[in-house]
Amino acid sequence: NRLQTRQDVRDVAQELLLLPQTSHNLYLFHRDWLHLFRLYEGTKDPDVYPSYNSDWPNFAERELKLFIEDIFWNGQARFEDLLFSTEAWIHPQLREIYNTSDVLEDEYTDIWNYTSELSEQRKGILTRPAFLMAQSYTATSSPVRRGAWVLEQMLCEELNPPPDVDMEIPPPEDDAETIRDRLAIHSEDPYCYGCHKRIDPIGFSFENYGALGEYRQNWENGIPVDASGSIAEGEFDHVTQMLTLLANSPKVQTCYVQNWMEYAIGRPLEEEDRCDLQRITQRFMNTNGHVPSLLLDIASSDAFLYTRTE
């Protein structure tokens with residue numbers, strides 16, 4: 001009889017947040033949110049990445065899990081920390097991706113290594129190998145996958161390509177040597193332009209990261225990477241600037257809350273849930289994006305506590 005009132009539910013939820021297994025459930029949400037299932041859909045081209053082995057996706061995912069657990073148990077547990085923290089637990093096999101000799105130095109061992117000072121290029125979960133590997137192809141990055149993920153998962157925008165449209169991107173040619181050039185040609189098709197004008201600028205911001213998530217200054221053909229672009233919130237030169245523009249956007253905050261609500265109640269939000277979404281999002285913003293408080297607000301909301309009957 002401890003769940004008789006809304007406050008009762010909130011009090012019990014507060015107790016549950018302190019249990020060790022809660023950290024695993026927090027991770028499972030973010031695993032789904034980041035589409036990390038794609039980590040295991042294929043392998044990487046051995047001609048391009050000769051040192052890659054099948055353990056790397058496991059290490060990359062474990063690394064991200066440790067990062068998220070640190071944010072929630074040892075950090076401020078804020079949405080902003082997920083996007084911009086430079087803390088990391090790095091496995092020796094992933095050291096090549098990070099090029100961390102300047103970070104770990106003499107502290108480096110043959111087990112997981114902790115650092116709180118990754119470079120500006122490695123802020124938050126979207127510049128770590130797990131996400132970048134998952135949103136890549138066998139031998140190359142994928143600005144389309146990465147840009148589409150941001151639109152769908154951070155901005156809650158729908159992407160519905162028309163049926164029977166050729167989705168193939170033109171191969172490299174003399175007048176289209178970079179992925180930016182090739183996507184520009186692809187977008188000349190009016191049926192493709194509507195989506196790509198939204199996807200591509202965001203996706204290009206990630207182009208300093210290859211298919212393993214390794215940082216690079218040049219594309220595969222040696223041409224310097226151009227990661228600049230613009231979105232409604234402003235112009236950027238690279239992904240950290242792009243994410244900074246988005247981070248405080250009410251639309252991004254609302255989308256993160258919406259993803260959590262749908263995960264918690266097990267269904268898409270409907271029109272009747274909009275009042276709850278607006279109220280919970282406002283509280284989320286008032287707490288500077290404090291995720292545990294968000295979960296308590298969801299657990300004591302009408303959307304979570306009630307179901308409609310005919």
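This report describes the overall form of a predicted protein model and several of its local features.

Residues are numbered from 1 along each chain as its sequence is written. In this predicted model, local features need pLDDT of at least 70 and side-chain atom pairs count only at pLDDT 80 or more, while totals for chains, interfaces and linings use all residues, and side-chain values use heavy atoms, with hydrogens and water left out.

**Overall form**

The protein chain contains 15 helices and four strands; helices (H or I, at least four residues) and strands (E, at least two) are DSSP runs numbered from the N terminus. Its radius of gyration, taken over C-alpha atoms, is 21 Å, close to the 19 Å given by the globule rule for 310 residues, so the chain is as compact as a globular protein of that length. The globule rule is 2.2 Å times the number of residues to the power 0.38. The C-alpha trace spans about 70 × 55 × 35 Å along its principal axes.

Of the 310 residues, 49% are buried (buried means under 20% relative accessible area, exposed over 50%, partly exposed in between, with a 1.4 Å probe and protein chains only). The accessible surface, from the Shrake-Rupley method with a 1.4 Å probe, comes to about 15,900 Å², and 48% of this belongs to carbon and sulfur atoms. Among contacts (heavy atoms within 4.5 Å) between residues at least 6 apart in sequence, 67% join residues at least 24 apart.

**Trp89 and its surroundings**

Trp89 is located in strand β1 (residues 88–90) and is partly exposed, at 28% relative accessibility. Leaving aside residues up to four places away in sequence, Trp89 touches Glu63, Leu66, Asp70, Trp112, Asn113 and Tyr114. With Asp70 there is also a side-chain to side-chain polar contact of 2.8 Å; a polar contact is a pair of N or O atoms within 3.5 Å, where within protein one must be able to donate a hydrogen and the other to accept it, and residues adjacent in sequence count only if both atoms are side-chain atoms.

**Positive phi in two loops**

Most residues other than glycine have a negative phi. Two residues with positive values are listed below.

| Residue | Phi | Loop | Relative accessibility |
|---|---|---|---|
| Cys156 | near 55 degrees | between α8 (143–154) and α9 (179–186) | 28%, partly exposed |
| Asn288 | near 60 degrees | between α13 (274–286) and α14 (291–299) | 55%, exposed |

**Tyr306**

Tyr306 lies in the segment after α15 (302–305). Tyr306 is exposed, with a relative accessible area of 56%.
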